[in-house]
Amino acid sequence: MRSVLRVSPLPLATLVVLLLGVSLPFVSSGYVLGLLTVAFYTAVFAMSWDLLFGFAGEVNFGPTFLIGLGAYTAGILDARLAPHVAIWVCVLAGAVMAVVGGVLLALPALRVRGPYFGLVTLVAVLILQNVVVVFASLTGGEIGLSVPDVMSISASTNYWIAFGFMVVSGAVLFGLSRSPIGLVLEASGQDAVQAGALGFNVAKHKLFAFIVSAFFSGLAGALMVFYMGTASVSTFIDISVGVQIIIAAVLGGRRTVIGAAIGAVFLIGMGELLRPLGELATLLVSVMALFVVLFFPDGFLGMLQGRSRGG
Amino acid sequence: MLEVRGLTKRFGGLVAVKDLSFSIRGGEILGLIGPNGSGKSTAMRTVMGVERPTAGSILLEGHEIGGLPSHQVARRGVGLVFQHSRPLNRQTVLENIKVALLPDRLTMIFASAEVDAQARAIAERVGLGAVLQRKPPTLPFADLRRLELAKAIARHPKLVLVDEPFAGLTASEVAAFSELIAGFRAEGRAVLLVDHNVKGVSALVDRVVAMYLGEWIAEGSAADVMRDETVRRVYLGGALTRVARGSLDTSGRTPALQVDDVEVRYGKALAVQGVSLHVHEGEFVSLVGLNGAGKTTLFNAISGLVPHNGSVRWAGADLAGATPAAIARGGIVQCPETRELFGDMTVRENLELGGHGLDDAERAQRLEWLYDLFAILRDRERQIARTLSGGEQQMLAIARALMMKPKLLILDEPTLGLAPVILETLSKALDRLRSTTRLTVLLGEQNVTFALPHADRLYVMDHGKIVWEGLPERFEAEVADNYL
């Protein structure tokens with residue numbers, strides 16, 4: 001039952017979260033801010049992934065291929081050419097490179113389906129990882145690449161940049177998913193033959209999804225490099241990083257975009273809270289993720305929606 | 001409106017459609033009919049651009065559309081009503097219809113109010129006006145079909161293709177759909193109905209084209225096509241023959257298999273409705289019905305593969321709650337339509353797996369007996385199952401089922417897609433089983449010619465129900481016309 005008095009909770013909740021998010025640096029320690037900064041970038045990774053999987057129906061097991069391309073392109077440019085190029089040029093170049101990677105990834109996606117495409121994305125990550133290791137003089141190899149520039153040394157500023165970036169990316173991706181394009185994408189993901197018979201160019205729409213997903217992944221990867229000051233395989237490319245992103249998106253609730261962000265913040269936060277337990281922490285978080293995926297396949301947001309529908 | 005000339009579609013070595021020609025005028029409803037595997041659906045999908053034609057031309061209002069991708073075919077005015085579809089489950093009915101109205105552009109961030117009005121009008125027209133705000137998972141089956149219809153006509157296609165328009169619908173729903181489809185004709189659109197038999201669409205169509213094994217076999221009014229010799233032969237076989245054997249005296253005995261009032265639902269579609277049948281020990285019973293009649297579903301219910309209501313009793317015991325494995329061990333072995341061979345194993349390995357429960361001596365003896373029954377399998381012993389021809393695969397599937405020493409063998413559509421010469425071999429093997437063993441067989445077939453000679457008794461199934469039961473000799477006189 002809809003009553004006149006009840007205000008739709010979504011805009012209200014969004015406003016509260018935004019206000020809390022913006023004002024946090026005034027009350028919180030640098031440690032928490034640093035943690036959340038990483039969480040916010042991870043949130044963008046997860047949201048970009050959700051656009052591809054949840055809507056276009058493409059199972060990308062290698063989100064870090066796109067992220068790594070963005071991060072390393074930006075990092076290498078800066079390391080080689082600083083101080084002759086501005087940070088934002090490097091970041092933009094990273095995003096562009098990721099888009100190129102996204103288009104490359106889309107080509108096999110339009111030919112092979114399901115598990116085979118998933119395999120292609122995994123191999124793409126391994127190739128990128130090997131390239132980074134082999135061309136160590138350029139990329140820093142296994143030790144990592146340190147960049148001369150950082151965005152800011154203030155934890156608060158870094159936090160605000162990450163938060164703002166996440167909010168803007170989230171708004172764009174969420175808006176897109178709710179727009180007619182999102183509907184057509186979802187229809188193409190569910191039943192490509194029928195979408196074609198309804199007059200939609202499925203290939204074009206999927207390519208678009210790849211480009212958007214790659215753009216935001218690359219942008220977030222590049223920005224994160226200039227927050228951390230280094231780029232390494234273990235933070236940007238390793239398969240386990242990709243798995244974390246996928247778990248975050250599924251935990252939060254797939255096909256929701258916003259859920260992916262919630263999942264990412266939760267996952268990073270949990271990992272940190274449980275850190276005193278040592279190796280046990282990873283295990284606990286994994287078990288929790290497994291539990292949610294098994295019993296609430298629609299994730300956190302799915303649980304909420306399920307309850308509101310039932311009540 | 002539509003002119004198809006010399007259309008051929010090949011999948012690898014399989015010729016699905018061979019040199020097919022037909023045409024439809026605006027304001028005309030054409031029925032394209034044929035038994036399962038005749039290529040009618042492939043022909044329809046090729047017109048829509050889902051499949052690329054191998055040869056031939058498809059002209060829409062004089063322009064070639066053959067080989068164009070489906071979204072371009074759609075834009076030129078062709079719409080397809082899918083039989084199965086996956087609607088957007090999290091969006092409402094209204095939003096689902098709106099999707100079909102959206103332009104194929106990436107600049108469309110906001111849908112216009114006009115789209116909303118159009119979507120409501122279409123929903124009203126197909127009878128979805130009352131459920132606009134519901135989501136597809138909560139809709140009854142007929143409404144899901146209406147939603148498909150709504151999406152297909154959203155762009156005002158000049159040519160509407162409808163795949164099995166009445167499958168799974170009740171009589172009153174069929175009437176409502178017929179009216180909607182007749183409405184397209186009244187508006188001057190061309191309509192192509194694809195269905196299994198003439199009977200289902202005869203009231204609606206202006207003309208019928210019949211297909212068999214990818215080829216055009218007859219054309220004319222529904223009545224003409226039903227009278228056509230070739231069509232009768234395809235559906236009923238030439239002269240309906242039967243091989244009598246010493247009649248099985250079953251009076252007073254309890255049937256080995258007793259199925260009572262079984263009902264199976266797939267989501268919202270009622271696939272099997274209140275079916276009762278029985279099979280006596282040693283009896284060969286055929287269940288005939290067209291594709292989609294519910295035969296396979298019924299078999300799966302008996303084998304415990306799908307949940308069902310009603311009771312299935314085997315050798316006096318209720319099978320409710322028994323696992324498929326327990327049922328198979330109990331002696332009911334199903335040889336499925338899809339064969340389910342282990343494609344990467346040899347013929348012999350497939351057979352040995354079938355007989356893994358037997359001891360070595362018995363297995364060897366059984367293998368020998370089967371190689372005797374299907375001589376070709378002995379020659380193919382070391383060949384990988386996947387590389388066998390269709391007929392050989394079918395023989396292997398039957399042989400593997402027989403390795404399990406079934407008491408009741410359920411054979412589902414063994415003749416599907418096989419050449420006549422293979423049918424003869426299978427037919428002989430069945431004859432031998434019938435005359436030399438105590439095996440009980442339940443055979444599901446749409447090919448009556450094949451089913452009739454091997455039957456002690458016959459059931460006819462249609463739209464999930466048993467519509468006739470009797471002896472084979474009465475089939476032609478009593479129900480053959482119903483079957484066309």
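**A friendly note on chains A and B**

1. A good place to start is where the chains meet: 18 residues of chain A are in contact with 24 residues of chain B (contact means that the C-beta atoms of two residues, placed from the backbone, lie within 7 Å). On the side of chain A that touches chain B, the elements giving two or more residues are helix H8 (180–190) and helix H9 (192–197) of chain A. H8(A) gives the largest share, 7 residues. Sorted by class, this side of chain A has 10 nonpolar, 6 polar and 2 charged residues. Here Ala, Val, Leu, Ile, Met, Phe, Trp, Tyr, Cys and Pro count as nonpolar, Asp, Glu, Lys and Arg as charged, and the others, Gly among them, as polar.

2. Please keep in mind that this is a predicted model, in which local features need pLDDT of at least 70 and side-chain atom pairs count only at pLDDT 80 or more, while totals for chains, interfaces and linings use all residues. Residues are numbered from 1 along each chain as its sequence is written, and chains are lettered from A and ligands numbered from 1 in the order in which they are written.

3. Now to chain A as a whole. Chain A has 15 helices and 2 strands (DSSP runs numbered from the N terminus, with helices being H or I of at least four residues and strands E of at least two). Its radius of gyration is 19 Å, which agrees with the value near 19 Å for a compact globule of 311 residues (taken over C-alpha atoms, the rule being 2.2 Å times the number of residues to the power 0.38). Along the principal axes, the C-alpha atoms of chain A fill a box of roughly 60 × 50 × 40 Å.

4. Inside chain A, buried residues make up 50% of the 311 residues (buried means 20 or more other C-beta atoms within 10 Å of a residue's own, exposed 12 or fewer, and partly exposed in between, with C-beta atoms placed from the backbone). Of the contacts in chain A between residues at least 6 apart in sequence, 78% join residues at least 24 apart.

5. One helix pair to look at in chain A is H1 (residues 9–27) with H7 (residues 155–178), which pack at an angle of about 165 degrees with their axes 8 Å apart. Axes are lines fitted to C-alpha atoms, for helices over the stretch in contact, and angles run from 0 to 180 degrees between N-to-C directions. H1(A) and H7(A) are therefore roughly antiparallel (over 145 degrees; under 35 is roughly parallel, 65 to 115 roughly perpendicular and the rest oblique). Leu18(A), Gly21(A), Val22(A) and Pro25(A) of H1(A) make the contact with Ser156(A), Tyr159(A), Trp160(A), Phe163(A) and Val167(A) of H7(A). This contact has 7 nonpolar, 2 polar and no charged residues.

6. Chain B offers another pair: H12 (residues 347–354) and H15 (residues 390–403) pack at about 30 degrees, with axes 7 Å apart. H12(B) and H15(B) are therefore roughly parallel. Val347(B), Asn350(B), Leu351(B) and Gly354(B) in H12(B) meet Leu396(B), Ala399(B), Arg400(B), Ala401(B) and Met403(B) in H15(B). These residues divide into 6 nonpolar, 2 polar and 1 charged.

7. Finally, two backbone details in chain B. Asp19(B), found in strand E2 (residues 14–24), has a phi near 50 degrees, a positive value in a residue other than glycine. Asp19(B) is partly exposed, with 14 other C-beta atoms within 10 Å. His156(B) also has a positive phi near 50 degrees, and lies in the loop between helix H5 (141–153) and strand E7 (159–163) of chain B. With 12 other C-beta atoms within 10 Å, His156(B) is exposed.
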